[in-house]
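Biologist: I have not seen this structure before. Please take me through it by question and answer.

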Amino acid sequence: MADDNFIEIRGLRLRFGRRVVFDDLNMSVPRGKLTALMGPSGTGKTTLLKVIGGQVRPDAGSVLVDGVDVCSASRAELFELRKNIGMLFQSSALFTDMSVAENVAFPLRAHTRLPEDSIADLVLMKLNAVGLRGARDLMPNQLSGGMARRVALARAIALDPSLLMYDEPFTGQDPIAMGVVQQLIKRLNHALGATSLVVSHDIHETVAIAEQIYVISDGKVIGQGPPDHLRTHDSARIRQFMNGQPDGPVPFHYPADDLHFDVLRETSG
Amino acid sequence: MIGYLRATGERALVFFGHLGRASLMWGNALSGIPRWNDLLLLVKQIYNIGVLSLVIIVLSAFSIGAVISLQFHTQLAKFGAEDAVGVGLAMVLLRELGPVVTALLFAGRAGSAITAEIGLMKSTEQLSSMEMMGVDPLRRIVAPRLWAGMFCLPLLTAIFNVVAIYGGMVVAVEWLGGDPGGFWIGMQDAVEVWEDIGKGMVKSVVFAVVVTWIAVYQGYDTVPTAEGIGLSTTRTVVLSSVMILAMDFLLTLSMYGDFR
């Protein structure tokens with residue numbers, strides 16, 4: 001693996017039953033860069049994050065993360081690797097029996113021997129960064145979806161990891177919080193020198209911060225490059241996606257028979 | 001015939017697949033050196049699983065002890081043998097009803113709660129996020145519940161036996177006017193520490209392992225949907241109950257001598 005790539009995926013193949021999720025997918029995430037992963041719904045973007053994190057084992061191919069092949073790594077090696085990875089889940093995945101502050105303190109308590117005073121200070125700093133210092137004593141069920149996501153973001157960055165993976169970080173945010181989260185992701189990437197991989201459907205926000213974008217569809221990478229390059233890409237599929245056009249080579253509908261035929265068949269029993 | 005064989009083979013594969021995954025889960029959860037934090041998690045689970053089950057155990061034990069005493073007294077009084085109520089009560093409770101009923105109640109209250117809690121954690125990706133933070137959910141979530149279950153059920157069984165005997169005494173002596181000396185001395189003479197109390201507790205330990213294992217595995221392996229969690233919770237109670245009764249028969253057969 002080239003040293004300048006934090007993640008290198010080669011020949012990735014994965015099937016769930018009969019459904020092909022990845023078919024010979026190749027991808028490189030440069031160290032210290034902010035890379036975005038985009039594509040139509042259901043193309044396996046979240047699954048790809050899970051493959052990178054070693055939670056889903058592919059059928060074939062290699063996935064090197066900071067030099068470790070997660071496909072062949074042992075359980076202990078995977079847990080060691082993950083201490084250096086922060087991940088923001090699409091569902092936030094906050095621990096419901098812990099307060100906001102305890103959630104953010106969780107990775108600090110699990111992996112450091114810092115005194116409680118220092119942990120409390122770090123928690124406040126992380127929560128302040130996402131604008132939720134005042135919500136530290138709330139429980140997750142008292143938070144809105146957007147607030148929960150920001151708490152999850154604070155928890156993901158608690159240990160200042162080398163790799164940050166964000167699954168839909170902008171979903172559910174109001175315009176002010178959206179801008180803050182966007183700048184926070186960008187700042188973290190530059191200040192910490194971290195490598196960031198953002199999965200998002202919010203093209204405008206993602207394009208504004210990403211240095212490189214991968215577009216995946218039908219289990220393959222259909223386009224890659226800097227944002228400006230993709231907007232004017234030769235491929236109509238990529239242009240359609242990047243410009244949010246409903247009509248084009250990427251179908252809006254899940255594969256199905258003709259509507260008239262379907263209706264007539266249902267009516268005739 | 002071929003279809004039947006194929007279906008049987010498929011069922012066997014599914015069964016052994018589950019057994020393998022459950023064994024791996026068990027092994028991974030209980031291996032490794034416990035840390036100070038693990039002890040705190042264990043104490044919390046002992047409270048959730050054990051202390052919170054006390055009310056149902058105590059109430060049921062008192063009622064069951066009282067009912068058995070009443071039935072024994074009614075039958076034995078016909079032969080003028082009311083003093084034997086204490087012996088009969090102790091034997092039935094210590095050898096059979098204590099371990100079995102406590103385990104059944106435990107499966108219904110604590111087992112179902114364990115399955116539902118772990119299942120919900122899975123469906124809300126809490127287990128996945130824990131994994132991604134480099135914290136093993138088998139050590140953090142599963143292990144404390146397994147240890148707590150194995151620790152609490154024998155203790156709850158002991159409490160059940162004591163309360164049930166007290167309930168039986170209240171009925172036989174306080175209410176129906178039996179002789180307290182006969183009640184207690186008969187019990188004291190007949191009950192043997194290992195043969196009756198010890199073997200009953202061995203049953204309880206075996207039931208504890210079986211019930212907590214089933215409960216934790218059903219939660220950990222659940223389909224992460226509302227329906228999946230419901231099914232897993234039901235399966236925990238049904239499977240545990242059947243296993244408790246089947247294991248009780250086998251343990252009684254193997255521990256209590258020659259039945260030929």
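Biologist: What percentage of the 269 residues of chain A count as buried?

Modeller: This is a predicted model. A residue is buried here if 20 or more other C-beta atoms lie within 10 Å of its own. Of the 269 residues of chain A, the share that meets this is 38%.

Biologist: What radius of gyration does chain A have?

Modeller: A compact globule with 269 residues would come near 18 Å. The C-alpha atoms of chain A fill a box of roughly 70 × 45 × 40 Å along the principal axes. The value for chain A agrees with the globule, at 20 Å.

Biologist: Which element gives the most to the side of chain A that touches chain B?

Modeller: On that side, 15 residues of chain A are in contact with 11 residues of chain B. At least two residues each come from α2 (75–82), β6 (85–88) and α3 (100–111) of chain A. The most, 4 residues, come from α3(A).

Biologist: How many residues of that side of chain A are nonpolar?

Modeller: The side of chain A that touches chain B divides into three classes. There are 2 charged residues and 4 polar ones, and the nonpolar residues number 9.

Biologist: Where in chain A is confidence lowest?

Modeller: The mean pLDDT of chain A is 87, and 95% of its residues reach 70 or more. Confidence is highest in α3(A), at 94. The lowest mean, 77, belongs to residues 236–242 of chain A, which form helix α9.

Notes. Residues are numbered from 1 along each chain as its sequence is written. Chains are lettered from A and ligands numbered from 1 in the order in which they are written. This is a predicted model: local features need pLDDT of at least 70, side-chain atom pairs count only at pLDDT 80 or more; totals for chains, interfaces and linings use all residues. The radius of gyration is taken over C-alpha atoms; the globule rule is 2.2 Å times the number of residues to the power 0.38. A residue is buried if 20 or more other C-beta atoms lie within 10 Å of its own, exposed if 12 or fewer, and partly exposed in between; C-beta atoms are placed from the backbone. Two residues are in contact if their C-beta atoms, placed from the backbone, lie within 7 Å. Ala, Val, Leu, Ile, Met, Phe, Trp, Tyr, Cys and Pro count as nonpolar, Asp, Glu, Lys and Arg as charged, and the others, Gly among them, as polar. pLDDT is the predictor's confidence in each residue, from 0 to 100.
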